[in-house]
Amino acid sequence: MSLINKLPSFYENDTTKVIQNSFSVEANSINNEVENTLNQFFVDSATFGLDKWENMLGISKNNFDIQTRRENIKAKMR
């Protein structure tokens, strides 16, 4: 997301570009974290949230791969 493109043209100077580029980096980082957190609410896209799903459904902790854990969670939900 390039924030400098959303500003009027008179803001296009060296100082403002540096500031807006740093804002863009932070905005992208926050956007990625929000998207990653949202993914944890869905079994098919969850990664680190699978532990919460397993605890909520009473599934014992096993050393299965992520896809097997997802399938176990969906089976328990059915």
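In this predicted model, the side chains of Lys61 and Asp51 form a salt bridge, with an N to O distance of 3.2 Å. The pair joins distant parts of the chain, for Lys61 belongs to the loop between α2 and α3 whereas Asp51 sits in helix α2, 10 residues apart. The two partners can be placed by their accessibility. Lys61 is exposed because its relative accessible area is 53%, and the cut-off for that class is over 50%. Asp51, at 35% relative accessibility, counts as partly exposed. The pair also belongs to a wider arrangement: Asp51, Glu54, Lys61 and Arg69 are linked in a network of salt bridges. Side chains of opposite charge can pair when their charged atoms come close.

The structure holds 5 salt bridges. One of them connects Asp44 with Lys74, where the closest N and O atoms are 2.8 Å apart. This pair likewise links distant parts of the chain: Asp44 is found in the loop between α1 and α2 (50-57), and Lys74 in helix α3 (residues 66-77), with their positions 30 residues apart in the numbering. Asp44 is exposed, at a relative accessible area of 53%, while Lys74 is partly exposed, at 24%.

Lys74 has a further partner. A salt bridge joins Lys74 to Glu71, with the closest N and O atoms 3.5 Å apart. Here both residues lie in helix α3, and their spacing of 3 residues corresponds to about one turn of the helix. Glu71 counts as partly exposed, since its relative accessibility is 36%.

From the charged pairs, the description turns to nonpolar residues. In soluble globular proteins, nonpolar side chains tend to be buried together. The largest nonpolar core in this model consists of 6 residues, namely Val43, Ala46, Leu50, Trp53, Ile59 and Ile73. The surroundings of one member, Ile59, can be given in detail. When neighbours within four places in sequence are left aside, Ile59 is in contact with Glu54, Asn72, Ile73 and Lys76. Among these contacts, Ile73 is also a member of the core, and Glu54 is part of the salt-bridge network described above.

A last stop is Thr16, in helix α1 (residues 14-39). Is this residue buried or exposed? Thr16 is buried, because its relative accessible area of 14% falls in the class defined as under 20%. Apart from neighbours within four places in sequence, the contacts of Thr16 are Ile4, Leu7 and Tyr11.

Note on methods
Residues are numbered from 1 along each chain as its sequence is written. This is a predicted model: local features need pLDDT of at least 70, side-chain atom pairs count only at pLDDT 80 or more; totals for chains, interfaces and linings use all residues. Side-chain values use heavy atoms; hydrogens and water are left out. Helices (H or I, at least four residues) and strands (E, at least two) are DSSP runs, numbered from the N terminus. Buried means under 20% relative accessible area, exposed over 50%, partly exposed in between (1.4 Å probe, protein chains only). Contact means heavy atoms within 4.5 Å. A nonpolar core is a set of buried Ala, Val, Leu, Ile, Met, Phe, Trp, Tyr and Cys residues joined through side-chain atoms within 4.5 Å. A salt bridge is a side-chain nitrogen of Lys or Arg within 4 Å of a carboxyl oxygen of Asp or Glu.
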